[in-house]
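Visitor: I would like to know how the labels on a model like this are earned. Please take me through the reasoning.

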Amino acid sequence: MKDLNEICRKWLDNADLDIKVEFGNDGSTILLVFYVVGVGKKVLVTCKRPIKFSVEQDPDDLPMYVVFETSISLKKKNSFEGLIHSDVLQNIEVDELWHVDVSEGDAKVLVVSEQLSWEILDITVEERSWYTN
């Protein structure tokens with residue numbers, strides 16, 4: 001968790017964000033791809049079994065959003081009372097939920113999910129061309 005907090009502080013507080021939602025037999029998955037062009041990396045945050053998902057964006061409807069403040073934390077499920085209906089919380093089998101909050105920038109994003117994974121990858125040549133054209 002310490003590594004993830006450090007990545008949020010150093011990289012995800014000034015990145016371009018692409019959001020993808022995938023639907024499958026195992027439920028939906030929200031994929032947040034943060035492009036950190038200055039270091040040539042991207043951080044993929046995969047949220048499986050989302051409980052809550054919201055996006056508030058600028059009216060420009062850009063394909064990617066510049067974001068400035070991102071936090072990711074694991075919280076006790078009862079801390080979401082008021083944000084998530086109590087009937088929904090009672091049916092969740094895990095005791096802790098992941099909370100992703102992008103609170104500053106072109107879009108404000110909130111994800112609460114049962115599972116979260118992340119990885120750091122190099123930006124591809126094609127992705128890099130998005131910034132040079």
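Guide: A disulfide is a pair of cysteine sulfur atoms within 2.5 Å. Keep that cut-off in mind. This is a predicted model.

Visitor: What makes Cys47 a cysteine without a bond?

Guide: The closest cysteine sulfur, in Cys8, is 11 Å from the sulfur of Cys47. A disulfide needs the two sulfur atoms within 2.5 Å. Therefore the pair is too far apart for a bond. A search of the whole structure finds zero disulfides. Cys8 is in no disulfide either, with the sulfur of Cys47 as its nearest cysteine sulfur.

Visitor: Why is Cys8 called buried?

Guide: Buried means under 20% relative accessible area. Cys8 has 4%, so the label holds.

Visitor: And Cys47, buried or exposed?

Guide: Buried, because its relative accessibility is 0%. Over the chain, 36% of the 133 residues count as buried.

Visitor: Why is Arg49 called partly exposed?

Guide: Partly exposed lies between the buried limit of 20% and the exposed limit of 50%. Arg49 has 43% relative accessibility, so it falls in that class.

Visitor: What is notable about phi of Arg49?

Guide: Phi of Arg49 is near 60 degrees, a positive value in a residue other than glycine. Most residues other than glycine have a negative phi. Arg49 has its place in strand 3.

Visitor: How do you know that strand 3 and strand 6 pair?

Guide: Two strands pair if there are at least two bridges between them. Strand 3 (residues 41–57) and strand 6 have 15, and they run antiparallel. One of the contacts across this pairing sets Ser54 against its bridge partner Leu110 in strand 6.

Visitor: What joins strand 5 to its partners?

Guide: Strand 5 (residues 96–105) is joined to strand 4 (residues 65–76) by nine bridges, running antiparallel. Thr70 has Val102 of strand 5 as its bridge partner. Five bridges link strand 5 to strand 6 (residues 107–122), again antiparallel. Set those counts against the minimum of two bridges, and both pairs qualify.

Visitor: Which residues face each other between strand 5 and strand 6?

Guide: Val100 stands opposite Val111 in strand 6. His99 has Val112 of strand 6 as its bridge partner. Strand 5 and strand 6 form a hairpin, with one residue between them.

Visitor: What holds strands of a sheet together in general?

Guide: They pair through backbone hydrogen bonds, either parallel or antiparallel.

Visitor: What is the strand order in the barrel?

Guide: The closed barrel has six strands in the order 1-2-3-6-5-4, with antiparallel pairing. Neighbouring strands of this sheet are turned by 40 degrees against each other on average, direction ignored.

Visitor: How many helices and strands does the chain have?

Guide: Three helices and six strands. Along the sequence they follow the pattern α-β-β-β-β-α-β-β-α.

Visitor: What does Lys77 touch away from its sequence neighbours?

Guide: Contact means heavy atoms within 4.5 Å. Leaving aside neighbours within four places in sequence, Lys77 is in contact with Leu89, Ile92, Val94, Asp95, Glu96 and Leu97. Lys77 has its place in the loop between strand 4 and helix 2 (86–90). Lys77 and Glu93 are 16 residues apart in sequence, and their C-alpha atoms are 9.7 Å apart in space.

Visitor: How do you know that the radius of gyration agrees with a compact globule?

Guide: With 133 residues, a compact globule would have a radius of gyration near 14 Å. The chain has 15 Å, so the two agree. Its C-alpha atoms fill a box of roughly 50 × 35 × 30 Å along the principal axes.

Visitor: What share of the contacts joins residues 24 or more positions apart?

Guide: They account for 66% of the contacts with a separation of 6 or more.

Visitor: And how much area does the chain expose?

Guide: About 8000 Å², with carbon and sulfur atoms supplying 46% of it.

Note on methods
Residues are numbered from 1 along each chain as its sequence is written. This is a predicted model: local features need pLDDT of at least 70, side-chain atom pairs count only at pLDDT 80 or more; totals for chains, interfaces and linings use all residues. Side-chain values use heavy atoms; hydrogens and water are left out. Helices (H or I, at least four residues) and strands (E, at least two) are DSSP runs, numbered from the N terminus. Axes are lines fitted to C-alpha atoms, for helices over the stretch in contact, and angles run from 0 to 180 degrees between N-to-C directions. The radius of gyration is taken over C-alpha atoms; the globule rule is 2.2 Å times the number of residues to the power 0.38. Buried means under 20% relative accessible area, exposed over 50%, partly exposed in between (1.4 Å probe, protein chains only). Accessible areas come from the Shrake-Rupley method with a 1.4 Å probe; for residues, only the protein chains shown count as cover.
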